[in-house]
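Please work through the following exercises with the sequence and the coordinates at hand. Each task is followed by a worked solution.

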Amino acid sequence: ERYLSVFYDYLHEKMYDYHVLQADETPVLVSKENRTSGSRHYMWVYRTGKMYQDKPIVLYEYQPSRNADHPRVFLKDFQGICVTDGYQVYHTLEKEREDLRIAYFALKQIQAIYREENKLEGMSAQDRLKNRQLTVKPLVDAYFTWVKKNVLVVAAKSKTANGLTYSINQETYLRTFLEDGEVPMDNNAALSAGYFYPHLFQRIA
């Protein structure tokens with residue numbers, strides 16, 4: 001156990017080298033530790049972002065509660081984006097730490113846009129355009145609605161505000177693919193890293 005603890009701490013520290021982490025917590029039933037049989041404890045999981053496919057790090061942390069103190073301690077030295085669900089604890093941490101961005105809602109919308117667009121691969125330009133209007137455009141509309149709403153409530157000079165403003169300023173150009181079935185959604189063919197929504201997401205964060 002002593003050696004595993006050292007290795008765990010090493011991986012925990014290495015996590016801080018990444019720009020994006022993902023976190024979640026799930027209940028587990030525990031019958032010991034002086035608690036009522038069947039009472040809920042929680043297993044917290046922290047991992048490097050899904051996009052980092054080379055040597056991902058996934059760490060589990062057993063805790064007796066769902067208290068904000070647990071992620072607060074685990075993420076205390078992390079500076080970047082933490083992708084989570086909508087649990088209020090994470091939003092509490094975001095308010096406490098300016099450098100920790102909880103980007104759940106924006107990321108989910110962006111993922112949904114790509115998911116629907118990927119379904120149109122192989123279609124003719126005419127069919128792609130028709131389906132984009134039916135399935136992709138509503139998601140893009142929702143994304144920009146979210147951006148315009150939240151730019152009014154974030155700190156004016158924060159990185160988040162800069163990212164949201166960038167999205168708004170580029171909206172006309174980012175919507176071009178919705179009007180022409182021959183226009184790709186992003187520029188991955190020219191830039192292996194890709195720009196468009198992933199690029200916007202990095203700026204927002």
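The exercises below concern a predicted model.

**Exercise 1.** Determine where Glu-61 lies and whether a salt bridge accompanies its burial state.

Solution. Begin with the location: Glu-61 belongs to strand β3. Next, consider its environment: Glu-61 is buried. A salt bridge requires a side-chain nitrogen of Lys or Arg within 4 Å of a carboxyl oxygen of Asp or Glu. The nearest side chain of opposite charge is Lys-76, 11 Å away, and Glu-61 has no salt bridge. Finally, list the contacts beyond four places in sequence: they include Tyr-8, Tyr-42, Trp-44, His-70 and Phe-74.

**Exercise 2.** Classify Lys-55 as buried or exposed, and describe its backbone.

Solution. First, place Lys-55 in the loop between β2 (39–48) and β3 (58–63). Its relative accessible area is 66%, and because exposed means over 50%, Lys-55 is exposed. Then examine phi: Lys-55 has a positive value of about 55°, although it is not a glycine. Most residues other than glycine have a negative phi.

**Exercise 3.** Which residues does Pro-184 contact beyond its neighbours within four places in sequence, and what is found in helix α5 at one of them?

Solution. Start with Pro-184, which is in the loop between α7 (171–174) and α8 (197–204). With 53% relative accessibility, Pro-184 counts as exposed. Outside its sequence neighbours within four places, Pro-184 contacts Arg-132 and Phe-177. Now turn to Arg-132: helix α5 (residues 125–150) has a kink of about 50° centred on Arg-132. Arg-132 is also among the buried residues of α5, which include Arg-128 and Val-136.

Key: Residues numbered from 1 in each chain as written. Predicted model: local features only at pLDDT ≥ 70, side-chain atom pairs only at ≥ 80, totals over all residues. Heavy atoms only, no water. Helix = DSSP H or I, 4+ residues; strand = E, 2+ residues; numbered from the N terminus. Buried < 20%, exposed > 50% of the residue type's maximum accessible area, 1.4 Å probe, protein only. Contact = heavy atoms within 4.5 Å. Bend = angle between axes of the 7 residues up to and from the residue. Lys, Arg positive; Asp, Glu negative; His and termini not counted.
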